[in-house]
Amino acid sequence: MKRMTYALVLLAVVAIAIAGCGSDSSSSGGAYGGKGGGGSSSDSPTGPETKPASSGDSGGIVSAAKVGDLGTILVTAEGMTLYDFHKDKGGVSSCYGACAGAWPPLLTEGNPQAQGAADRSMLGTTKRKDGTIQVTYNNWPLYTYVGDQKPGEANGNDIDQFGAEWYALQPNGQEPED
């Protein structure tokens, strides 16, 4: 029942995002839900300067916090849970359009930063199709989830959406046990 409720909320959010965003893929705002900006990074596979995707970004900061029964997992600077997507391969994101509306990528302007238990050596970046730079951890592009409304929630853990499973990540780069 819980997953069905989240699925219905997600569908409503995606429908609103699609209606509000139109189909102009050249917009730098996109459907990233205010989670980061675009930019170049010395860890990036390519390095052209791009404009921020939105204001209020977390600057590509990855931290860690105890979240429910999952234990200590990766979170943004604001405490929002970070997830990997099993459809992503080789450090490259496959989440665009409606997927990115529901699962906003963690973007950065420059080098991502590790805080607390997050391991700096596991941080990296990948260039998205729109030129923005997404933070990776243990070679997994990182995302937040629109179903998480406040810090400490992990409503996106162990969900199958947009063709694959989504999981929170622990500071060691592994997924928590269910």
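An open sheet of three strands, with antiparallel pairing, follows the order S5-S6-S7; strands here are DSSP runs of E of at least two residues, numbered from the N terminus, and two strands pair if DSSP finds at least two bridges between them. The edge strands of this sheet, each pairing on one side only, are S5 (123–127) and S7 (140–141). The model is a predicted one, in which local features need pLDDT of at least 70 and side-chain atom pairs count only at pLDDT 80 or more, while totals for chains, interfaces and linings use all residues. Residues are numbered from 1 along each chain as its sequence is written, and side-chain values use heavy atoms, with hydrogens and water left out.

Within the sheet, S5 and S6 (residues 133–137) run antiparallel and are joined by five bridges. One position in this pairing is Thr-126, whose bridge partner in S6 is Gln-134.

A further set of pairings involves strand S1 (residues 61–66). S1 pairs with S2 (residues 72–76) in the antiparallel sense over five bridges, and Ala-64 has Leu-74 of S2 as its bridge partner. The two strands form a hairpin with five residues between them, and Gly-68 in the turn has a positive phi of about 50°. S1 also pairs with S4 (residues 113–114), in this case in the parallel sense over two bridges. In that pairing, Val-62 stands opposite Ala-114 of S4.

The structure holds one disulfide, defined as a pair of cysteine sulfur atoms within 2.5 Å. The bond joins Cys-95 to Cys-99, with an S to S distance of 2.0 Å. Because the torsion about the S-S bond of Cys-95 and Cys-99 is about -110°, this disulfide is left-handed. Both Cys-95 and Cys-99 are buried, where buried means under 20% relative accessible area, determined with a 1.4 Å probe on protein chains only.

Aromatic rings of Phe, Tyr and Trp (its six-membered ring) were taken to pair if their centres lie within 6.5 Å, with planes under 30 degrees apart counted as stacked, over 60 as edge-to-face and the rest as tilted. By this rule the count comes to seven aromatic pairs. The rings of Tyr-83 and Tyr-145 have centres 6.3 Å apart and planes at 80°, so this pair is edge-to-face. Tyr-83 lies in strand S3 and Tyr-145 in the loop between S7 and strand S8 (159–161), so that the pair links distant parts of the chain, 62 residues apart. Tyr-83 and Tyr-145 are both buried.

The rings of Phe-85 and Trp-166, by comparison, have centres 3.9 Å apart and planes at 10°, so the pair is stacked. Since Phe-85 lies in S3 and Trp-166 in strand S9 (residues 164–168), this pair ties together parts that are 81 residues apart in sequence. Phe-85 counts as buried at 0% relative accessibility, and Trp-166 is buried with a relative accessible area of 0%. Ring pairs link Tyr-83, Phe-85, Trp-103, Tyr-143, Tyr-145 and Trp-166 into a cluster.

Strand S3 (residues 83–85) also contains Asp-84. Asp-84 is buried yet has no salt bridge, and the nearest side chain of opposite charge, Lys-89, is 9.9 Å away. A salt bridge here is a side-chain nitrogen of Lys or Arg within 4 Å of a carboxyl oxygen of Asp or Glu; Lys and Arg count as positive and Asp and Glu as negative, whereas His and the chain ends are not counted. Leaving aside neighbours within four places in sequence, Asp-84 is in contact (heavy atoms within 4.5 Å) with residues including Trp-140, Pro-141, Trp-166 and Glu-175.

Methods: Helix = DSSP H or I, 4+ residues; strand = E, 2+ residues; numbered from the N terminus. Buried < 20%, exposed > 50% of the residue type's maximum accessible area, 1.4 Å probe, protein only.
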